[in-house]
Amino acid sequence: MPGREELPSTLERSSKKAQRTWIKAHDSAVEQYGEGRRAHRVAYSALKHAYEKVGDHWEEKEKGAKGPSDPRAATPRERPARSGEGVDENASKQHLYDMAKRMGIEGRSQMSKPELVDALRKENRSRTRQARER
């Protein structure tokens, strides 16, 4: 099935450029590997090189911040790795703090970098769930 018809809801709320990135990677992966989870993983991995999840949608990373955002996006398929769920784990602590501030995460000033990443993941899941219920 073409990526345009399988577009995840978080990408439906994202820019056309983010949608094109996912669709192009998905369709290419379907040609190479066939339909299924692997095509979706490849598409998300490609997306995470240029975009990060912010709440219920994807936004382009800051200039100069391109590259894999988590271990899964940076690791070949044969080796299992954890997903950052769209949070750019390689971003600076300041960037993560600014994202937490923008999203209204309380207690952010006392958080370590890993705690900010976890708080952002949790907030992203919550906002995505809320958006799907609308």
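Of the 134 residues of the protein, 42% count as buried. The model is a predicted one. Its secondary structure consists of six helices and two strands, and along the sequence these elements follow the pattern α-α-α-β-β-α-α-α. Among the contacts with a separation of 6 or more, 44% are accounted for by residues 24 or more positions apart.

The N-terminal part of the chain offers a place to start. Between α1 (9–12) and α2 (16–33) runs a loop, and S14 is located in that loop. S14 has a relative accessible area of 11%, so this residue is buried. Two backbone atoms lie by the polar part of its side chain. The backbone oxygen of T10 is 2.7 Å from a polar atom of the S14 side chain, and the backbone nitrogen of W58 is 2.8 Å from a polar atom of that side chain. When neighbours within four places in sequence are left aside, the contacts of S14 are with Q19, H57 and W58.

The next element is α2, where R20 is found. R20 counts as exposed because its relative accessibility is 53%, over the 50% that the term requires. R20 and R4 are separated by 16 residues in sequence, and their C-alpha atoms are 8.6 Å apart in space.

From α2 the description passes to its packing with α3. Two packed helices are described by the angle between their axes and the distance between the axes. For α2 and α3 (residues 37–48), the axes come within 8 Å and cross at roughly 140°. The crossing of α2 past α3 is right-handed. On the α2 side the contact is made by A18, T21, W22, A25, H26, A29, V30 and Y33. On the α3 side the contributing residues are R38, A39, H40, V42, A43, Y44, A46 and L47.

Further along the chain comes helix α5, which spans residues 93–102. Its buried residues are H95, L96, M99 and A100. These residues cover an arc of only 140° around the axis, and therefore they are on the same side of α5. What do the buried residues of α5 pack against? They pack against β1 (51–54) and α6 (113–133). Just after α5, G104 adopts a positive phi of about 75°.

The nonpolar interior can now be considered. In soluble globular proteins, nonpolar side chains tend to be buried together. Here the largest nonpolar core has 13 residues, and L96, I105 and L120 are those with the most contacts inside it. The elements that give two or more residues to this core are α5 and α6. Of the elements, α6 gives the most, with four residues.

L96 thus appears twice, as a buried residue of α5 and among the residues with the most contacts inside the largest core. Which residues does L96 touch, not counting those up to four places away in sequence? They are V87, D88, A91, K113, L116, V117 and L120. Apart from the largest core lies another, of eleven residues, with L7, I23, A25 and A50 among them. One of these, A25, is also among the residues through which α2 makes its contact with α3.

Notes: Residues numbered from 1 in each chain as written. Predicted model: local features only at pLDDT ≥ 70, side-chain atom pairs only at ≥ 80, totals over all residues. Heavy atoms only, no water. Buried < 20%, exposed > 50% of the residue type's maximum accessible area, 1.4 Å probe, protein only. Polar contact = N/O pair within 3.5 Å; in protein donor to acceptor, adjacent residues only side chain to side chain. Contact = heavy atoms within 4.5 Å. Arc of directions from axis to C-beta. Core = buried A, V, L, I, M, F, W, Y, C linked by side-chain atoms within 4.5 Å. Axes fitted to C-alpha atoms, helices over the stretch in contact; angles between N-to-C directions. Left-handed = near helix turned anticlockwise from the far one by under 90°.
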